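Please open the structure in your viewer and keep the sequence beside it, since this tour moves from one selection to the next and says what is found at each stop.

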Amino acid sequence: MLYLVKDDVGTQVRAILTRNDDGSPVDLRGSTTVMRFRAKGSSTILFTLSNINSVAADLANGIAVFQFGSGNLNISEGKYEGEVEATLSSGEIGTVFEVLDFFVRADFD
């Protein structure tokens, strides 16, 4: 479970994508990697975040970074989930099987 605070801006999630068959990193250089975010139990995507990591060595080692921006976390307290998908430079699309679980709590304000 990953924990977030309502209305925060700039919070980041770092994901390392590896191949299921041999554990090697997925080379993300030249890929489009996104994380879709929705309320747990819903099929409605609230927003999609794009990988902001541009460090070639990180990308070669399967490291993606997703940053929540203005308004993304202007949502109700509760449980959410994220799905990571990479469209590789070869055109192959791979979706990470494991869903990321999030809990958003209210700010102290």
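Begin by selecting Glu85, which in this predicted model has a relative accessible area of 17%, and because buried means under 20%, Glu85 counts as buried. Now add Arg36 to the selection, and you will see that the two side chains meet in a salt bridge, with 3.0 Å from N to O. Glu85 belongs to strand 6 (residues 78-87) while Arg36 belongs to strand 3 (residues 32-39), so the pair ties together parts that are 49 residues apart in sequence. Is Arg36 buried or partly exposed? With a relative accessibility of 23%, Arg36 counts as partly exposed.

Stay with Glu85 a little longer and show Thr95 as well, for a polar contact of 3.4 Å joins the side chains of Glu85 and Thr95. If you then display the surroundings of Glu85, leaving aside residues up to four places away in sequence, the residues it touches include Thr32, Thr33 and Val34, and Ile93 and Gly94 are also among them.

The next stop is another charged pair, and a general point helps here: side chains of opposite charge can pair when their charged atoms come close. Select Lys40 and Asp101, whose side chains meet in a salt bridge at 3.0 Å, N to O. Lys40 sits in the loop between strand 3 and strand 4 (45-50), whereas Asp101 is in strand 8 (residues 100-105), so this pair ties together parts that are 61 residues apart in sequence. Lys40 is partly exposed, its relative accessible area being 43%, and Asp101, at 30% relative accessibility, also counts as partly exposed. Widen the selection to Arg38 and Glu81, and you have the four residues Arg38, Lys40, Glu81 and Asp101, which are joined into one network by salt bridges that share partners.

For one more charged pair, go to Asp21 and Arg19, which form a salt bridge whose closest N and O atoms are 2.8 Å apart. Asp21 counts as exposed, at 57% relative accessibility, while Arg19 counts as partly exposed, at 41%. How many salt bridges does a search of the whole structure find? The search finds nine salt bridges.

Now turn from charged side chains to aromatic rings, where a pair is described by the distance of the centres and the angle of the planes. The count for this structure comes to six aromatic pairs. Select Phe37 and Phe47, and look at their rings from the side: the centres are 4.7 Å apart and the planes are at 15°, so the pair is stacked. This pair links distant parts of the chain, with Phe37 in strand 3 and Phe47 in strand 4, 10 residues apart. Phe37 and Phe47 are both buried.

Keep Phe37 selected and exchange Phe47 for Tyr80, because Phe37 and Tyr80 also form a stacked aromatic pair, with 5.4 Å from centre to centre and 15° between the planes. Phe37 lies in strand 3 and Tyr80 in strand 6, so the two rings tie together parts that are 43 residues apart in sequence. Phe37 counts as buried at 0% relative accessibility, and Tyr80 is buried too, with a relative accessible area of 6%.

To finish, select Phe37, Phe47, Phe68, Tyr80 and Phe102 together, and you will have in view the cluster into which ring pairs link these residues.

Methods: Residues are numbered from 1 along each chain as its sequence is written. This is a predicted model: local features need pLDDT of at least 70, side-chain atom pairs count only at pLDDT 80 or more; totals for chains, interfaces and linings use all residues. Side-chain values use heavy atoms; hydrogens and water are left out. Buried means under 20% relative accessible area, exposed over 50%, partly exposed in between (1.4 Å probe, protein chains only). Helices (H or I, at least four residues) and strands (E, at least two) are DSSP runs, numbered from the N terminus. A polar contact is a pair of N or O atoms within 3.5 Å; within protein, one must be able to donate a hydrogen and the other to accept it, and residues adjacent in sequence count only if both atoms are side-chain atoms. Contact means heavy atoms within 4.5 Å. Rings of Phe, Tyr and Trp (its six-membered ring) pair if their centres lie within 6.5 Å; planes under 30 degrees apart count as stacked, over 60 as edge-to-face and the rest as tilted.
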